[in-house]
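Q: Please take a close look at how helices pack against each other in this structure, and explain the terms as you go.

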Amino acid sequence: MLLLTGCESMKVISIDYMQPAEISFPNQLRKVGIVNNTAKTPDNKMIAEPEDPQEEYMEIRREVAYANGDPRIATESLAEEIAYRNYFDKVVICDSALRANDRFLRESTLSEEEVKALTSDLDVDCIIALENLQIKAVKTVSFLPQYGFLGTVNVKAYPTVSIYLPERKTPLSTLTPSDSIFWEDIRVSEVKAKQFISDSQIIEEASEFAGTIPVNQLIPFWKKADRYIYTGGSAPMRDAAIHVKENNWDKACELWKKMYNKTTSKKKKMQNAINIAVHYELKDSLDLAEEWMTKAQDIAKKIDKINKDTPNKLYFNIEKVPHYYQTTIYLFKLKERNKQLPKLKMQMSRFNDDF
């Protein structure tokens, strides 16, 4: 963004805002049980498959390894993370494998009778079950002439989680998210770089990490983002920046609106409109933020000379249409937040919308 605006002074504003979860639980659902419903597996050793190294990265060794994660660790991690978010009144864990003593193969999902028995025994309203956990590890060793041998392990974890309600015959939903965790270290030899972290430690730490992966899909979560405001170019802009530094955004917004109405410069008008949009987003007035950002985008079209004959491929070209690119990206983020707001309010209504 600083490159886009050349010598214009800008200030980065970090904001935290809440995102809705994928799953919406009824308000009356206050107590949840977290269970380990994974099937018994022979072992969870890493099964490695050698691959050709990528020479452009100075790799001298590459392996892809697969394993079953540790469901007990993942179930505990899942329960701890859900409890930490304070979304439910009560979180109960049953990390012993429900299917550990199965003698015959059966469907991985819990039956209606099992769900009713579990909710009754645990005194909960629903069951969240870990039903599978697999991990894939890419292990590499690279030679760095000035440092030694760099060992890396990039693991992708694939947990499967289902949500059960006692009055339903089938799961309310089944989630199959994935995410990655990474380790690296430099050692004096290729052998030591290959063995800088043990397979058992990989499985343990990846399983703990895997338990946290589905939580953002189950519970509303906070997201951090950066916004940018213009702070230079004129005395009123610098005065407004001082108000921002003193956390007096209303005073700053008054100055930006005066400058927006007074200036004849398209660029200054756009900059003040962007600042006003950031102000309203910080106040969670997303409709007003979107309104002002739309004004900024309309002005950016004129600055970058965009019209109906402008090829679509230029619309997101940061070099050819920098002002339109900047305003369009921000407007898209505001529209996404605004669109998600009804769902978020519904999910947070159990707290009287205090979020």
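A: What follows looks at two helix pairs and then turns to the cysteines.

This is a predicted model, in which local features need pLDDT of at least 70 and side-chain atom pairs count only at pLDDT 80 or more, while totals for chains, interfaces and linings use all residues. Residues are numbered from 1 along each chain as its sequence is written, and side-chain values use heavy atoms, with hydrogens and water left out.

Two packed helices are described by the angle between their axes and the distance between the axes. Helices here are DSSP runs (H or I, at least four residues), numbered from the N terminus, and axes are lines fitted to C-alpha atoms over the stretch in contact, with angles running from 0 to 180 degrees between N-to-C directions.

The axes of helix α8 (residues 266–282) and helix α9 (residues 286–303) come within 8 Å and cross at roughly 160°. The two helices α8 and α9 are therefore roughly antiparallel to each other, a term for angles over 145 degrees, whereas those under 35 count as roughly parallel, 65 to 115 as roughly perpendicular and the rest as oblique. Contact means heavy atoms within 4.5 Å, and among the residues that make it are Met270, Ala273 and Ile274 of α8 and Leu288, Trp292 and Met293 of α9. By class, the contact of α8 with α9 has 15 nonpolar, no polar and 5 charged residues, where Ala, Val, Leu, Ile, Met, Phe, Trp, Tyr, Cys and Pro count as nonpolar, Asp, Glu, Lys and Arg as charged, and the others, Gly among them, as polar.

In the other pair, the axes of helix α1 (residues 71–85) and helix α4 (residues 199–212) come within 7 Å and cross at roughly 40°, which makes α1 oblique to α4. Their contact is made by residues including Ile73, Ala74 and Leu78 of α1 and Glu204, Ser207 and Gly211 of α4, and the residues of this contact divide into 3 nonpolar, 4 polar and 3 charged. Glu80 also lies in helix α1, and at 55% relative accessibility Glu80 counts as exposed, meaning over 50% relative accessible area, where under 20% is buried and in between is partly exposed (1.4 Å probe, protein chains only).

As for the cysteines, the structure holds 0 disulfides, a disulfide being a pair of cysteine sulfur atoms within 2.5 Å. The sulfur of Cys126 is 14 Å from the closest cysteine sulfur, in Cys94, too far for a bond. Cys94 is buried, with a relative accessible area of 18%, and Cys126 is buried at 0%.
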